[in-house]
Amino acid sequence: MKKLFFTMLAFLILFSMLLGCGGSKQKLYLYNWSDYIKKDLVKDFEKENNCRVVMDFYDSNEAMYAKLKAGAKGYDIVIPTGYMVKIMAHDGMIQPIDLSKIPNIANIDEKYLPFTLDPEMKFSVPYMISNSGIGYLENKVDASFVPTWGIFGDQKYAGRMTMLNDMRETIGSVLRYLGYSMNSINVSELEEAGELLITWKRNLAKFEADQYKNGLISGEFIIAHGYSGDVFQVMEENENIKYAIPMEGTTISCDNMVILKDSKNIDLAYTFINYMLKPEVAAANIEYVYFLAPNKAAYELVSEEVRNEPAIFIPNELLMKSEVILDLGENNKLYTNIWDKVKAAK
């Protein structure tokens, strides 16, 4: 009986210890783009706050939005792009941000706030700034190569170039080349852009949004319209891969941290947002993701190589020529019509 008593007592003590070590830990549920945060930072946050961060991933704003609208529950923080923040705020899906709970908000670089589409940070806090541009093989282009959207009209690279299979990005790049807004709703400007894009299409291997990175690595493609982070991540695979923002300007996107309306861990969510805005955390994330965390206190902490990279720290001259792609509502169909004509053209 004594042996049974002490066995049961030991079991109860062990069970209590397990509950104290793990069962009572708060959990923060983060819904994010894949490979978009350095894992060591998450581990450090968990240690600092005696909690667990449970991560789930999506591959597009629309997929995330559809899942939440369909009734998915339990997430605390989501990281949508600026235009989606506006839609989610309008639909009552996210909470207003209490800036007083985020002391490190003072580190935000105000220069980038207009690109967030929520410059007063009423519903969101900036996370990462990205852009689209041109990835190319330095050893395969002419010595006189200049980064311009017009390069896709150069027949010497015919069959060795790709442009994004993205209606707004690709039509927008032609509009920018012509000197028009990437959000133009002028029918004649859009038709002019569509006709020019059809001539560029004849030089393209294809419209491609996923495999262009591998094509640059292998040398199948010489020039590719792509996203900055994608191209930077494959540079280590081929030392000849370079990335540049076209001289006419480009699209700028900002992904933002938001707290969902039905979050069960609001205080922990604010703690996480504040943690991500620490200078040393933001700097480490910049080095990992190769996008810009708009955190002015972090800039001096990143490596000189990254700090001198104009595709991450965009020069003001190029930044002022660039735009955020806007949701045009009913006018989106103008782009759909042009895109259909481009896709159908020989």
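1. Let me start with the lining of the largest cavity in this predicted model. Strand S4 supplies the largest share of that lining, 3 residues. The full set of lining residues is Pro126, Tyr127, Met128, Met257, Met276, Leu277, Ala282, Asn285, Ala293, Pro294 and Asn295. Two elements each give two or more residues here: strand S4, spanning 125-137, and helix H10, spanning 279-289.

2. How does the lining of the largest cavity divide by class, and what volume does it enclose? The split is 9 nonpolar, 2 polar and no charged residues, and the volume of this cavity is about 80 Å³. If you are browsing the model, Asn285 and Asn295 are among the residues to display around this cavity.

3. How many cavities of 30 Å³ or more does the structure hold? There are 2. The second largest has a volume of about 40 Å³. Around it you will find Ile129, Asn131, Ser228, Tyr290, Phe291, Leu292, Ala311, Ile312 and Ile314. By class, that makes 7 nonpolar and 2 polar residues, with no charged ones.

4. Now to the open spaces. The largest pocket has a volume of about 1,400 Å³, and 39 residues line it. Which of these lie nearest its centre? They are Trp33, Asp59, Ser60, Asn61 and Tyr227, a handy set for centring your view.

5. Several elements each contribute two or more residues to the lining of the largest pocket. The helices are H3 (61-69), H4 (82-90), H5 (167-177) and H8 (228-234), and the strands are S4 and S9 (252-259). Strand S4 is worth a second look, as this strand also gives 3 residues to the lining of the largest cavity. By class, the pocket lining has 16 nonpolar, 12 polar and 11 charged residues.

6. The second largest pocket offers about 350 Å³ of space. Its lining counts 13 residues, with Phe232, Met235, Tyr290, Glu305 and Glu309 lying nearest the centre. Strand S8 (241-244) and helix H11 (304-307) are the elements that give two or more residues to this lining. The classes come out as 7 nonpolar, 1 polar and 5 charged.

7. One residue links two of these spaces. Tyr290 is in the lining of the second largest cavity, and Tyr290 also appears among the residues nearest the centre of the second largest pocket. On charge, the linings of the two cavities have no charged residues, whereas the largest pocket has 11 and the second largest pocket has 5.

Definitions and conventions:
Residues numbered from 1 in each chain as written. Predicted model: local features only at pLDDT ≥ 70, side-chain atom pairs only at ≥ 80, totals over all residues. Heavy atoms only, no water. 1 Å grid on protein atoms, 1.4 Å probe; cavity = no way out; pocket = protein on both sides within 12 Å on 5 of 7 lines; lining within 4 Å. Points joined across faces, edges and corners; volume = space filled by probe spheres on them. Helix = DSSP H or I, 4+ residues; strand = E, 2+ residues; numbered from the N terminus. Nonpolar A, V, L, I, M, F, W, Y, C, P; charged D, E, K, R; others polar.
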